[in-house]
Amino acid sequence: MPVPEVYDACHDLLETTRLNKIEYERFFLAIEPTLLKNWSHESLIQRLRGEFYIKYAWNARGTGFADTVTEEGARLFEERLGKAEVALDAAWRLDQTDEWIPNAMLVVEKGQGKGRDRMELWFQRAMELNPDNYVACSRKLSYLEPKWYGSVNDVLSFGHECLNSTKWSGRVPLILV
(Lines give C-alpha, C1' and ligand atoms only; values in the text may rest on other atoms or scores of the structure.)
Protein backbone atom coordinates (compact mmCIF):
# COMPACT_ATOMS: atom_id res chain seq x y z
CA MET A 1 0.00 0.00 0.00
CA PRO A 2 1.45 3.44 -0.86
CA VAL A 3 2.53 5.46 2.16
CA PRO A 4 0.29 8.51 1.48
CA GLU A 5 -2.76 6.21 1.48
CA VAL A 6 -1.60 4.51 4.70
CA TYR A 7 -1.19 7.91 6.31
CA ASP A 8 -4.57 9.19 5.09
CA ALA A 9 -6.42 6.06 6.23
CA CYS A 10 -4.81 6.07 9.68
CA HIS A 11 -5.11 9.84 10.08
CA ASP A 12 -8.80 9.74 9.12
CA LEU A 13 -9.46 6.97 11.62
CA LEU A 14 -7.61 8.88 14.34
CA GLU A 15 -9.67 11.99 13.57
CA THR A 16 -12.87 9.94 13.66
CA THR A 17 -12.02 8.52 17.08
CA ARG A 18 -10.20 11.50 18.62
CA LEU A 19 -13.09 12.48 20.90
CA ASN A 20 -13.26 8.95 22.31
CA LYS A 21 -9.93 8.70 24.15
CA ILE A 22 -10.18 4.97 24.77
CA GLU A 23 -10.89 4.07 21.13
CA TYR A 24 -8.40 6.65 19.84
CA GLU A 25 -5.59 5.22 21.94
CA ARG A 26 -6.56 1.58 21.41
CA PHE A 27 -6.66 1.99 17.63
CA PHE A 28 -3.27 3.59 17.28
CA LEU A 29 -1.46 1.40 19.78
CA ALA A 30 -2.81 -1.66 17.94
CA ILE A 31 -1.74 -0.44 14.48
CA GLU A 32 1.60 1.14 15.43
CA PRO A 33 3.63 -2.13 15.32
CA THR A 34 2.43 -2.76 11.75
CA LEU A 35 3.24 0.80 10.73
CA LEU A 36 6.75 0.49 12.15
CA LYS A 37 7.30 -2.95 10.65
CA ASN A 38 6.34 -1.85 7.14
CA TRP A 39 7.02 1.89 6.93
CA SER A 40 9.32 2.97 9.78
CA HIS A 41 11.59 4.93 7.41
CA GLU A 42 8.76 7.02 5.96
CA SER A 43 8.31 10.61 7.06
CA LEU A 44 4.52 10.47 6.94
CA ILE A 45 4.44 7.47 9.27
CA GLN A 46 6.77 9.18 11.76
CA ARG A 47 4.61 12.30 11.45
CA LEU A 48 1.51 10.23 12.21
CA ARG A 49 3.25 8.82 15.29
CA GLY A 50 4.16 12.34 16.37
CA GLU A 51 0.56 13.48 15.93
CA PHE A 52 -0.68 10.59 18.02
CA TYR A 53 1.85 10.89 20.83
CA ILE A 54 1.24 14.63 21.21
CA LYS A 55 -2.49 14.08 21.71
CA TYR A 56 -1.85 10.98 23.82
CA ALA A 57 0.45 13.05 26.06
CA TRP A 58 -2.05 15.88 26.50
CA ASN A 59 -4.81 13.32 27.19
CA ALA A 60 -2.71 12.00 30.09
CA ARG A 61 -1.93 15.47 31.42
CA GLY A 62 -5.42 16.89 31.12
CA THR A 63 -6.34 20.44 30.21
CA GLY A 64 -6.27 22.01 33.66
CA PHE A 65 -3.65 24.25 35.21
CA ALA A 66 -0.34 22.69 36.25
CA ASP A 67 -1.43 22.33 39.89
CA THR A 68 -4.28 20.02 38.81
CA VAL A 69 -2.03 17.52 36.99
CA THR A 70 -1.55 14.30 38.89
CA GLU A 71 1.90 12.77 39.41
CA GLU A 72 0.97 9.90 37.09
CA GLY A 73 -0.45 12.33 34.52
CA ALA A 74 2.80 14.34 34.58
CA ARG A 75 4.90 11.19 34.21
CA LEU A 76 2.86 9.95 31.24
CA PHE A 77 2.86 13.42 29.70
CA GLU A 78 6.65 13.57 29.77
CA GLU A 79 7.07 9.99 28.51
CA ARG A 80 4.63 10.42 25.63
CA LEU A 81 6.00 13.81 24.57
CA GLY A 82 9.41 12.14 24.45
CA LYS A 83 8.00 9.60 21.98
CA ALA A 84 6.44 12.40 19.93
CA GLU A 85 9.80 14.20 19.88
CA VAL A 86 11.64 11.09 18.64
CA ALA A 87 9.04 10.47 15.92
CA LEU A 88 8.99 14.08 14.75
CA ASP A 89 12.77 14.35 14.75
CA ALA A 90 12.83 11.24 12.54
CA ALA A 91 10.14 12.72 10.29
CA TRP A 92 12.14 15.96 9.96
CA ARG A 93 15.33 14.09 9.05
CA LEU A 94 13.35 12.33 6.31
CA ASP A 95 11.46 15.38 4.99
CA GLN A 96 12.45 18.96 5.70
CA THR A 97 9.76 20.34 3.39
CA ASP A 98 6.74 19.44 5.54
CA GLU A 99 5.73 22.52 7.56
CA TRP A 100 3.48 20.39 9.75
CA ILE A 101 6.54 18.87 11.44
CA PRO A 102 8.04 22.08 12.90
CA ASN A 103 4.52 23.28 13.74
CA ALA A 104 4.03 20.10 15.78
CA MET A 105 7.44 20.42 17.42
CA LEU A 106 6.31 23.79 18.78
CA VAL A 107 3.61 21.91 20.71
CA VAL A 108 6.15 19.36 21.92
CA GLU A 109 8.50 22.12 23.11
CA LYS A 110 5.66 23.89 24.90
CA GLY A 111 5.00 20.70 26.83
CA GLN A 112 8.63 19.82 27.47
CA GLY A 113 9.93 23.30 28.20
CA LYS A 114 13.51 22.61 27.09
CA GLY A 115 14.10 26.27 26.31
CA ARG A 116 13.35 29.30 24.24
CA ASP A 117 16.22 28.58 21.82
CA ARG A 118 14.65 25.25 20.93
CA MET A 119 11.26 26.87 20.37
CA GLU A 120 12.86 29.54 18.17
CA LEU A 121 14.67 26.90 16.10
CA TRP A 122 11.42 25.11 15.27
CA PHE A 123 9.61 28.40 14.73
CA GLN A 124 12.25 29.54 12.24
CA ARG A 125 12.05 26.22 10.42
CA ALA A 126 8.28 26.55 10.16
CA MET A 127 8.46 30.14 8.92
CA GLU A 128 11.16 29.36 6.35
CA LEU A 129 8.81 26.80 4.82
CA ASN A 130 5.82 29.15 4.91
CA PRO A 131 6.25 32.85 5.71
CA ASP A 132 2.44 33.08 6.19
CA ASN A 133 2.40 30.27 8.77
CA TYR A 134 -0.32 31.42 11.15
CA VAL A 135 -0.25 28.10 13.04
CA ALA A 136 3.43 28.54 13.91
CA CYS A 137 2.86 32.15 14.95
CA SER A 138 -0.12 31.21 17.08
CA ARG A 139 1.86 28.46 18.80
CA LYS A 140 4.79 30.77 19.45
CA LEU A 141 2.43 33.38 20.87
CA SER A 142 0.97 30.76 23.23
CA TYR A 143 4.48 29.69 24.27
CA LEU A 144 5.29 33.31 25.12
CA GLU A 145 2.27 33.73 27.41
CA PRO A 146 3.09 34.26 31.09
CA LYS A 147 1.42 30.96 32.03
CA TRP A 148 4.00 29.14 29.93
CA TYR A 149 7.49 30.55 29.34
CA GLY A 150 7.14 34.25 28.59
CA SER A 151 5.61 37.46 29.75
CA VAL A 152 3.05 40.03 28.68
CA ASN A 153 5.92 42.01 27.17
CA ASP A 154 7.08 38.96 25.18
CA VAL A 155 3.56 38.48 23.80
CA LEU A 156 3.19 42.14 22.85
CA SER A 157 6.66 42.32 21.35
CA PHE A 158 6.03 39.28 19.17
CA GLY A 159 2.62 40.61 18.17
CA HIS A 160 4.17 43.89 17.07
CA GLU A 161 6.91 41.99 15.21
CA CYS A 162 4.20 40.15 13.25
CA LEU A 163 2.33 43.38 12.57
CA ASN A 164 5.42 45.29 11.42
CA SER A 165 7.07 42.58 9.32
CA THR A 166 7.02 43.01 5.57
CA LYS A 167 7.61 39.29 4.95
CA TRP A 168 4.40 37.97 6.42
CA SER A 169 0.93 38.38 5.03
CA GLY A 170 -2.36 36.59 5.45
CA ARG A 171 -3.59 36.50 9.04
CA VAL A 172 -0.16 36.66 10.69
CA PRO A 173 -0.23 40.48 11.20
CA LEU A 174 -3.46 40.00 13.16
CA ILE A 175 -1.96 37.48 15.60
CA LEU A 176 -2.66 39.57 18.71
CA VAL A 177 -6.34 39.83 17.84
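Which residues form a nonpolar patch on the surface? They are Val 152, Leu 156 and Leu 176, and together they have about 240 Å² of accessible area. Keep in mind while looking around that this is a predicted model.

**The surface patch**

A good residue to pick out here is Leu 156, which is found in helix H8. Leu 156 counts as partly exposed because its relative accessibility is 37%, and partly exposed covers the range between 20% and 50%.

**The nonpolar core**

Now let us turn to the inside. The largest nonpolar core has 44 residues. If you would like some landmarks, try Phe 28, Leu 35, Phe 123 and Cys 137, the residues with the most contacts inside this core. At least two core residues come from each of the helices H1 (3-17), H2 (21-39), H3 (43-61), H4 (71-94), H5 (100-112), H6 (116-129), H7 (134-143) and H8 (152-164). Helix H3 gives the largest share of this core, with seven residues. Helix H8 thus appears twice in this tour: it supplies at least two residues of the core, and Leu 156 of the surface patch is found in it.

**Salt bridges**

How many salt bridges does the structure hold? There are 13, and the table shows some of them.

| Salt bridge | N to O distance |
|---|---|
| Arg 26 and Glu 23 | 2.2 Å |
| Arg 49 and Glu 32 | 2.7 Å |
| Arg 118 and Glu 85 | 2.9 Å |

Let us begin with Arg 26 and Glu 23, whose side chains meet in a salt bridge. These two residues are about one helical turn apart, because they sit three residues from each other in helix H2. Glu 23 has 32% relative accessibility, so it counts as partly exposed.

The side chains of Arg 49 and Glu 32 also meet in a salt bridge. This pair links distant parts of the chain, with Arg 49 in helix H3 and Glu 32 in helix H2, 17 residues apart. Both Arg 49 and Glu 32 are buried.

Next comes the salt bridge between Arg 118 and Glu 85. Because Arg 118 lies in helix H6 and Glu 85 in helix H4, the pair ties together parts that are 33 residues apart in sequence. Is Arg 118 buried or exposed? Arg 118 counts as buried, at 16% relative accessibility, and Glu 85 counts as buried at 15%. Salt bridges with shared partners join Glu 85, Glu 109, Lys 114 and Arg 118 into one network.

Terms used:
Residues numbered from 1 in each chain as written. Predicted model: local features only at pLDDT ≥ 70, side-chain atom pairs only at ≥ 80, totals over all residues. Heavy atoms only, no water. Core = buried A, V, L, I, M, F, W, Y, C linked by side-chain atoms within 4.5 Å. Buried < 20%, exposed > 50% of the residue type's maximum accessible area, 1.4 Å probe, protein only. Helix = DSSP H or I, 4+ residues; strand = E, 2+ residues; numbered from the N terminus. Patch = residues over 30% accessible without salt bridge, like charges linked within 9 Å, V, L, I, M, F, W, Y side chains within 5 Å. Areas by Shrake-Rupley, 256 points an atom, 1.4 Å probe, with all protein chains shown as cover. Salt bridge = Lys/Arg side-chain N within 4 Å of Asp/Glu carboxyl O.
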